[in-house]
Amino acid sequence: ADGVVMAGDRRATMGNLIANRAIEKVHPADAYSLVGIAGSASIGIELMRLFQVELEHYEKIEGAMLSLDGKANRLASMIRGNLGAAMQGLAVVPLFAGYDLAVSDPAKAGRIFSFDVTGGPYEETGYDAIGSGSLFAKAALKKRFRPGLSTQEAIRLAVEALYDAADDDTATGGPDLTRRIFPVVMTATAEGTYRLSEEEAAAVAEAVVAARMENPGG
């Protein structure tokens, strides 16, 4: 109801091995937008950082923030520029979402954009997911999403979807209660972007795990 929520698991894989248990796949693109990455981790992180710099540079030069559509189109162009590497197996497919300051109704200001490997941007309605576990995450979201969720409801739903993805996809990491590694969860609203603290993310993740102990299917 107030914008968008984006959450990402923390696992990076190398073939059948876990390469990193605490990678961060969700980041602020600027003050009102978020970007998540899936695919080749190193290229994805480089692309995300360059995207952040370009948005900041535009704002400093023009004295105004690029529109949300403009940001999505710029990210699409950057993905298209990586097409040669993608054809060699080093693909990156991001997820972009943000709060559109040009929209007066907060319930409609949260917007989500997905992309294909050639850079095509597609605006999504309500929810979306990327990565190897996206099939399971989207299935979970499809059953439980409804318009007008509160921020806390949307956060819980996002973590539930990650739990379901990790349950069926080996490349998606679930909440690690032993190592205290929890999903990265961020929001973008009229007040700007916000990342849940470790304590806040832990509380949501632990509540989801506890509920699944009683009802594994959710």
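In which sense do β6 and strand β7 pair, and over how many bridges? I began my notebook with this question, working on a predicted model. I found that β6 and β7 (residues 110-115) pair in the antiparallel sense, over 5 bridges.

**Entry 1: strand β6 and its partners**

I recalled first that strands of a sheet pair through backbone hydrogen bonds, either parallel or antiparallel. I then looked up one pair between β6 and β7: phenylalanine 96 has phenylalanine 113 of β7 as its bridge partner. I turned next to strand β5 (residues 33-36), which runs antiparallel to β6 and is joined to it by 4 bridges. Here I noted that leucine 34 is matched with alanine 97 of β6.

Is β6 mostly covered or mostly uncovered? I found that strand β6 (residues 95-99) is mostly covered, with 5 of its 5 residues buried. I remembered that side chains in a regular strand alternate between the two faces of the sheet. I therefore examined the two sides of β6 separately, with that alternation in mind. On one side I listed Leu95, Ala97 and Tyr99, and on the other Phe96 and Gly98; all are buried, and both faces of the strand are covered.

**Entry 2: the sheet that holds β6**

I traced an open sheet of 5 strands, in the order β4-β5-β6-β7-β8, with antiparallel pairing. Which strands stand at its edges? I identified β4 (26-30) and β8 (121-124); each has a single partner strand, so one side of each has no neighbour in the sheet. I recorded that neighbouring strands of this sheet are turned by 25° against each other on average, direction ignored. At the β8 end, I counted 4 bridges between β7 and β8, which pair in the antiparallel sense. One matched pair there is isoleucine 112 with glutamate 124 of β8.

**Entry 3: helices α1 and α2**

I then asked which strands the helix α1 lies across. I found that α1 lies across β4, β5 and β6, and that it runs at about 20° to β4. Helix α2 lies across β4, β5, β6, β7 and β8, running at about 15° to β7.

I considered next how the two helices meet. Two packed helices are described by the angle between their axes and the distance between the axes. For α1 (residues 41-62) and α2 (residues 68-81), I noted an angle of about 140° and axes 11 Å apart. The two helices are therefore oblique to each other, and their crossing is right-handed. From α1, I listed Leu47, Leu50, Phe51, Glu54 and Leu55 in the contact; from α2, Lys71, Arg74, Leu75, Met78 and Ile79. Sorted by class, this contact has 7 nonpolar, no polar and 3 charged residues.

**Entry 4: helices α5 and α6**

I repeated the search for α5 (residues 134-144) and α6 (residues 151-168), which pack at an angle of about 140° with their axes 7 Å apart. That angle makes α5 oblique to α6. I also recorded that α5 passes α6 in a right-handed crossing. On the α5 side, the contact is made by Phe136, Ala137, Ala140, Leu141 and Arg144; on the α6 side, by Leu157, Glu160, Ala161, Asp164, Ala165 and Asp168. I found 7 nonpolar, no polar and 4 charged residues in this contact.

**Entry 5: the sheet of three strands**

I located an open sheet of 3 strands, ordered β1-β9-β10 and paired antiparallel. Its edges are β1 (3-8) and β10 (192-195); each has a single partner strand, so one side of each lacks a neighbour in the sheet. Neighbouring strands are turned by 15° against each other on average, direction ignored. I counted 4 bridges between β9 (residues 184-189) and β10, which run antiparallel. Among the residues involved, threonine 187 has tyrosine 194 of β10 as its bridge partner. I saw that α6 packs on this sheet, touching β1 and β9, and that its direction makes about 30° with that of β1.

**Entry 6: aspartate 9**

I closed with a residue in the loop between β1 and β2 (12-14), aspartate 9. Why does aspartate 9 count as buried? Its relative accessibility is 8%, and the cut-off for a buried residue is under 20%. Leaving aside neighbours within four places in sequence, I listed the contacts of aspartate 9 as Ile23, Lys25, Leu162, Ala171, Thr172 and Gly173. I also noted valine 26, which is 17 residues away along the chain; its C-alpha atom is separated from that of aspartate 9 by 8.7 Å.

Notes
Residues are numbered from 1 along each chain as its sequence is written. This is a predicted model: local features need pLDDT of at least 70, side-chain atom pairs count only at pLDDT 80 or more; totals for chains, interfaces and linings use all residues. Side-chain values use heavy atoms; hydrogens and water are left out. Axes are lines fitted to C-alpha atoms, for helices over the stretch in contact, and angles run from 0 to 180 degrees between N-to-C directions. Angles under 35 degrees count as roughly parallel, over 145 as roughly antiparallel, 65 to 115 as roughly perpendicular and the rest as oblique. A crossing is left-handed if the near helix is turned anticlockwise from the far one by less than a right angle, and right-handed if clockwise. Contact means heavy atoms within 4.5 Å. Ala, Val, Leu, Ile, Met, Phe, Trp, Tyr, Cys and Pro count as nonpolar, Asp, Glu, Lys and Arg as charged, and the others, Gly among them, as polar. Buried means under 20% relative accessible area, exposed over 50%, partly exposed in between (1.4 Å probe, protein chains only). Two strands pair if DSSP finds at least two bridges between them.
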